[in-house]
Amino acid sequence: MGTAYVTPATDPAAGKAAPVHPLQAQDIEHALVARREKIYPREVHGLFARLRITAVVLLLGLFYALPWVSWDNRQAILLDLPARKFHVLGLTFWPQDFLYLALLLILAGLSLFFFTALAGRLWCGYACPQTVWTETFLWIERIIEGDRIKQQRLDRAPWSARKLRLKATKHIIWVSYAAFTGFTFVSYFTPAKTLLHELLTVSMGPWETFWMCFYSLATYGNAGWMREQVCIYMCPYARFQSAMFDNDTLIVSYDKARGEPKGSRRPGTDHKSRGLGDCIDCTLCVQVCPTGIDIRHGLQYQCIGCSACIDVCNDVMDKMQYPKGLIRYTTQHALQGRKTRILRPRILIYGVILLGIMGAFAWSLASRVPVGLDVIHDRNQLFRETQWLIENVYTLKLLNMQNVDVDYVLDVAGIDDMQLILDQSQIHVPAGTVYDLPARIRAAEANLPSRSTEIIFTLHDRHDDAIIVSETAKFIGPAQ
């Protein structure tokens, strides 16, 4: 290979382009145009691996099982967009309950800040959908193709009937699992039993078909093919996480002072006399990493905090009869021999705000009144005179947020001797519906303190006085 150059670095002495070493040129070319090399994460066992498996099983179990759970003769969790109703267990939320969605999003954001500042990327390592589904696809791959070494040998081997059979089997199972995932996702918006019937009878609607295919393809592509590239190149969290870290954040770290200089040795060897640290340079920490980084080079944005390197390193330390914790959860201050403060102002502030919003959310949910009332004044005629009285006409929209039919009682106050006239003697609103109720209010002109007077409509459940809601409106009279 001839001498390579990069533009146009100039050698001051010679006045011409300075040559770059061939190896440096190869590194530059590799960084710019090299294809992605597949990562084969080694299977690992240990405390954090068990925690990760528990999280995956629990989260996926809930995701796949909840659409089949019934509650009051309906699906327990159903986001019914056409009807503008979200059913969550025994509660039904309407567009008027948007505040709860806003609070949930705020809680999610603050929780991310709190746990990241406390212990790094816990969300990425244990609960992120990309991590959860990628872990599942890796399990399927290991079952079919074998462990890390067998997978590498299979990929390097020329195509044969055995290789074709294994690869085809893996991808058929991947696609089937991804399709089941897409079906489950859509079943949160269309009842699972209805969706299954439509699927079997080939009668799904266009939007259901689109989102099922889209989510299936996204699962298959992200978890089966892209894997760590989603975390490294597509996820914005990897880029701004450092803004939430400080020197007291618990992170997965390699103890360089204890491990260096690294070098191979036999068990029982007095490595201290040879001037070696505890790291035997087995590279197992690299082999188990799902993003392919070397944690011994320090904290890197590609690290998702899965702690697989901790488990495998502790296993090696046990075999070498060295103390555990060469790679461990620790802080930058601890590695520098300084005091660590886990409970620091940032954590306390995040915690107090988080608890406050959670308390407000719980209190608002507990005190939520399952009835809505909107009062709309007739815009065509502000008022009319009848029998020496002033009359205003309103349309009341009554929203019954309960899952049972309710009889309501309507009262009005704000003007002396005012009359409420309804076209019906009983207000009966079916479960989960919006009911339009025409109402007329009459009052003597002498009792009106001004041309526009505030009045209060009060609606309450005939059989439950705790369910009550009020709404103000304007009563318009002639100019005074």
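How many residues does helix H14 have, and how far does helix H14 reach from its first C-alpha to its last? The close-ups below take up this helix and then two sheets, all in a predicted model.

**View 1. Helix H14 spans residues 308-320.** To answer the opening question, helix H14 has 13 residues and reaches 19 Å from its first C-alpha to its last. That span is close to the 18 Å expected at 1.5 Å a residue.

**View 2. Helix H14 is largely enclosed by the rest of the structure.** Look along the helix and you will find that 10 of its 13 residues are buried, so the surroundings largely enclose H14. At the start of the helix, the buried residues include Ala308, Cys309, Ile310, Asp311, Val312, Cys313 and Asn314. Val316, Met317 and Met320 are also among the buried residues of H14. An α-helix has 3.6 residues a turn, so residues three or four places apart point the same way.

**View 3. Strands S5, S6 and S7 make an open sheet with antiparallel pairing.** The three strands lie in the order S5-S6-S7. The edges are strand S5 (77-80) and strand S7 (91-93), each pairing on one side only. From one strand to the next, the twist averages 15°. Strand S6 covers residues 85-88, and four bridges link S5 and S6 in the antiparallel sense.

**View 4. Phe86 takes part in both a strand pairing and a surface patch.** Which residue in S6 is the bridge partner of Leu79? Here that partner is Phe86, a residue found in strand S6. With a relative accessible area of 33%, Phe86 is partly exposed, because that value falls between the 20% limit for buried and the 50% limit for exposed. Together with Trp71, Leu81, Val88 and Leu89, Phe86 forms a nonpolar patch on the surface. The accessible area of these residues together is about 410 Å².

**View 5. Four strands form an open sheet in the order S15-S13-S17-S18.** The pairing in this sheet is antiparallel. Strand S15 (427-429) and strand S18 (464-476) are the edge strands, and each pairs on one side only. The twist averages 30° from one strand to the next.

**View 6. Strands S13 and S17 run antiparallel and are joined by six bridges.** Strand S13 takes in residues 406-413, while strand S17 takes in residues 452-461. If you would like a residue pair to start from, find Tyr408, which stands opposite Asp461 in S17.

Terms used:
Residues numbered from 1 in each chain as written. Predicted model: local features only at pLDDT ≥ 70, side-chain atom pairs only at ≥ 80, totals over all residues. Heavy atoms only, no water. Pairing = 2+ DSSP bridges. Helix = DSSP H or I, 4+ residues; strand = E, 2+ residues; numbered from the N terminus. Axes fitted to C-alpha atoms, helices over the stretch in contact; angles between N-to-C directions. Patch = residues over 30% accessible without salt bridge, like charges linked within 9 Å, V, L, I, M, F, W, Y side chains within 5 Å. Areas by Shrake-Rupley, 256 points an atom, 1.4 Å probe, with all protein chains shown as cover. Salt bridge = Lys/Arg side-chain N within 4 Å of Asp/Glu carboxyl O. Buried < 20%, exposed > 50% of the residue type's maximum accessible area, 1.4 Å probe, protein only. Expected span 1.5 Å × (residues − 1).
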